[in-house]
Amino acid sequence: MCEICRQTPCDFRCPNYIPPKAALYCSLCDNGIYNGEEYIKNLDGESAHYDCVTGLSYYAMIEWLGGEIRTMEDFYD
């Protein structure tokens, strides 16, 4: 039992708290992706929290997902 928070394991607010290890880390916020959290994997194999990706601008989201924004050129010259 922890001497500070009096819990086993420690409460997440306790200074002795050790967060669980994450199998994946978000490439946008660098925090761990833990069990029960929604995440997205892009074409480059990077993972990110669903909320981190949906918080991006449309252009940034398309680029992170591996898409390319193009401008149509006049093909009839």
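Is Asp30 buried or exposed? Asp30 is exposed, with a relative accessible area of 60%. This residue belongs to a predicted model of a protein with two helices and four strands. The protein has a radius of gyration of 20 Å, whereas a compact globule of 77 residues would have one near 11 Å. The points below treat the overall form, the charged groups, the backbone and selected residues.

**Overall form**

- Read from the N terminus, the order of elements in the protein is β-β-β-β-α-α.
- The C-alpha trace of the protein extends over about 80 × 20 × 15 Å along its principal axes.
- Of the 77 residues in the protein, 19% are buried.
- The accessible surface of the protein amounts to about 6700 Å², and carbon and sulfur atoms account for 52% of that surface.
- When contacts between residues at least 6 apart in sequence are considered, 10% of them join residues at least 24 apart.

**Charged side chains and salt bridges**

- The protein carries 5 positive and 13 negative side chains. The centres of these two sets are 18 Å apart.
- Two salt bridges are found in a search of the whole structure.
- One salt bridge joins the side chains of Asp11 and Arg13, with an N to O distance of 2.8 Å. Its two partners are unlike in exposure: Asp11 counts as buried at 15% relative accessibility, whereas Arg13 is exposed at 64%.
- A salt bridge also links Glu68 with Arg70, where the closest N and O atoms are 3.5 Å apart. In this pair Glu68 is exposed, with a relative accessible area of 58%, and Arg70 is exposed as well, at 68%.

**Backbone features before strand 1**

- The peptide bond that leads from Thr8 to Pro9 is cis, and its omega is near -10 degrees. Pro9 is located in the segment before strand 1, which covers residues 24-25.
- Arg6 also lies in the segment before strand 1. Its phi is near 60 degrees, a positive value in a residue other than glycine.
- The side of Arg6 open to solvent is expressed by a relative accessible area of 56%, and Arg6 is therefore classed as exposed.

**The loop between strands 1 and 2**

- Asp30 is placed in the loop between strand 1 and strand 2, the latter formed by residues 32-33.
- The phi angle of Asp30 is near 70 degrees, which is a positive value in a residue other than glycine.
- Asp30 thus combines a positive phi with an exposed position.

**Strand 4 and His49**

- His49 is situated in strand 4, the strand that spans residues 47-49.
- Why does His49 count as buried? His49 is classed as buried because its relative accessible area is 11%, and the cut-off for burial is under 20%.
- Leaving aside residues up to four places away in sequence, His49 touches Cys26, Cys29, Asn31, Gly32, Ile33, Glu37, Glu38 and Tyr39.

**Asp44 and Asp51**

- Asp44 occupies the loop between strand 3 (39-41) and strand 4. Asp44 is exposed, with a relative accessible area of 63%.
- Asp44 and Gly67 are separated by 23 residues in sequence, and their C-alpha atoms are 11 Å apart in space.
- Asp51 is part of helix 1, which comprises residues 50-54. Asp51 is likewise exposed, with a relative accessible area of 63%.
- The C-alpha atoms of Asp51 and Ile40 are 9.5 Å apart, while the two residues are eleven places apart along the chain.

Methods: Residues numbered from 1 in each chain as written. Heavy atoms only, no water. Rg over C-alpha atoms; globule rule 2.2 N^0.38 Å. Buried < 20%, exposed > 50% of the residue type's maximum accessible area, 1.4 Å probe, protein only. Contact = heavy atoms within 4.5 Å. Areas by Shrake-Rupley, 256 points an atom, 1.4 Å probe, with all protein chains shown as cover. Lys, Arg positive; Asp, Glu negative; His and termini not counted. Charge placed at Lys NZ, Arg CZ, Asp CG, Glu CD. Salt bridge = Lys/Arg side-chain N within 4 Å of Asp/Glu carboxyl O.
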